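Biologist: Got a minute to walk me through this one? I'd like to get my bearings before I start poking around.

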Amino acid sequence: MDITDILSGLIDTSPSPVVICDLNYRIIYMNRTAKIDYEKYGGADLVGKLIAPLCGEEAISKLNMVIEWFKESKDNNRVYAFHNKERNTDVYLVAIRNKSGELAAFTSIHECRTPETGESYSLD
């Protein structure tokens, strides 16, 4: 079994949007949630496109700063970006490194602050 299929299957189950970009700021992967959430910007058709036209100048400036910080050290891998009030999530920019530890891509991770209210292991 190909590890790429396993990892994309895992990422696709996330209820949070996952958009992975290469170092040219081109979208190379979007999970199902991201394709739905960003439908008004083009959804699945955003794969292969640059993110700059979708972001404001200030956001790109901050992203440039973070990418340079990621490049400074193999230990620089995660930085808090902002709180998304609508989803009650903290959003982090995260480095994706190759086996040699070199920066290969980046993504954002949304960590939910809302506690689960369901019963543990409820399958109904």
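Modeller: Sure, let's go through the fold, the pockets and a few single residues.

Modeller: Keep in mind that this is a predicted model.

Biologist: Noted. How many helices and strands are in the chain?

Modeller: The chain has three helices and five strands. Along the sequence they come in the pattern α-β-β-α-α-β-β-β.

Biologist: And what box do the C-alpha atoms fill?

Modeller: Roughly 45 × 35 × 30 Å, taken along the principal axes. Of the 124 residues in the chain, 31% are buried.

Biologist: On to the sheet. What's the strand order?

Modeller: It's an open sheet of five strands, ordered β2-β1-β5-β4-β3, and the pairing is antiparallel.

Biologist: Which strands stand at the edges?

Modeller: β2, residues 27-30, and β3, residues 78-84. Each has a single partner strand, so one side of each is left without a neighbour in the sheet. On average, neighbouring strands of this sheet are turned by 20° against each other, direction ignored.

Biologist: Remind me, what do strands of a sheet pair through?

Modeller: Backbone hydrogen bonds, in either a parallel or an antiparallel arrangement.

Biologist: How many bridges join β1 and β5 here?

Modeller: Three bridges, in the antiparallel sense, between β1 at residues 19-22 and β5 at residues 103-112. If you want a spot to click on, I20 has T107 in β5 as its bridge partner.

Biologist: Switching topic: pockets. How much space lies in the largest pocket?

Modeller: About 1,000 Å³. The lining has 31 residues, and the closest to the pocket centre are Y38, C55, F82, V91 and S108.

Biologist: Which elements give two or more residues to that lining?

Modeller: β1, β2, α3 (57-72), β3, β4 (89-97) and β5. The largest share, six residues, comes from α3.

Biologist: How does the lining of the largest pocket split by class?

Modeller: There are 22 nonpolar, four polar and five charged residues.

Biologist: What about the second largest pocket, what's its volume?

Modeller: About 280 Å³. The lining is I3, T4, L7, S8, I11, V18, I20, Y29, T107 and I109. So you'll find the I20 and T107 bridge pair again there.

Biologist: Which element gives the largest share of that second lining?

Modeller: α1, with five residues. The elements that give two or more residues are α1, residues 3-12, and β5. By class, the lining of this second pocket has seven nonpolar residues, three polar and no charged.

Biologist: Back to C55, since you listed it by the centre of the big one. How many disulfides does the count come to?

Modeller: Zero.

Biologist: Why is there no bond for C21?

Modeller: The closest cysteine sulfur to that of C21 is in C55, and at 8.1 Å it is too far for a bond. The cut-off for a disulfide is a pair of cysteine sulfur atoms within 2.5 Å. From the other side, C55 is in no disulfide either, and its nearest cysteine sulfur is that of C21.

Biologist: Is C21 buried or exposed?

Modeller: C21 counts as buried, at 3% relative accessibility. C55 is partly exposed, with a relative accessible area of 31%. For reference, buried means under 20% and exposed means over 50%, so C55 falls in between.

Biologist: Now the backbone. What's the phi of Y25?

Modeller: About 70°, a positive value although Y25 is not a glycine. Y25 sits in the loop between β1 and β2, and this residue is buried, with a relative accessible area of 12%.

Biologist: Where is N88 found?

Modeller: In the loop between β3 and β4. N88 has a positive phi too, near 55°, and is a residue other than glycine. N88 is partly exposed, at 26% relative accessible area.

Biologist: Last one, the histidines. How far apart are H83 and H110 in space?

Modeller: They are 9.0 Å apart, C-alpha to C-alpha, and 27 residues apart in sequence. H83 lies in strand β3, which is one of the edge strands we talked about. H83 is partly exposed, with a relative accessible area of 25%.

How values were computed: Residues are numbered from 1 along each chain as its sequence is written. This is a predicted model: local features need pLDDT of at least 70, side-chain atom pairs count only at pLDDT 80 or more; totals for chains, interfaces and linings use all residues. Side-chain values use heavy atoms; hydrogens and water are left out. Two strands pair if DSSP finds at least two bridges between them. Helices (H or I, at least four residues) and strands (E, at least two) are DSSP runs, numbered from the N terminus. Axes are lines fitted to C-alpha atoms, for helices over the stretch in contact, and angles run from 0 to 180 degrees between N-to-C directions. On a 1 Å grid over the protein atoms alone, a cavity is a set of points where a 1.4 Å probe fits but cannot get out, and a pocket is an open set with protein on both sides within 12 Å along at least five of seven lines; lining residues have an atom within 4 Å of a point. Grid points are joined across faces, edges and corners, and a volume is the space filled by probe spheres set on the points. Ala, Val, Leu, Ile, Met, Phe, Trp, Tyr, Cys and Pro count as nonpolar, Asp, Glu, Lys and Arg as charged, and the others, Gly among them, as polar. Buried means under 20% relative accessible area, exposed over 50%, partly exposed in between (1.4 Å probe, protein chains only).
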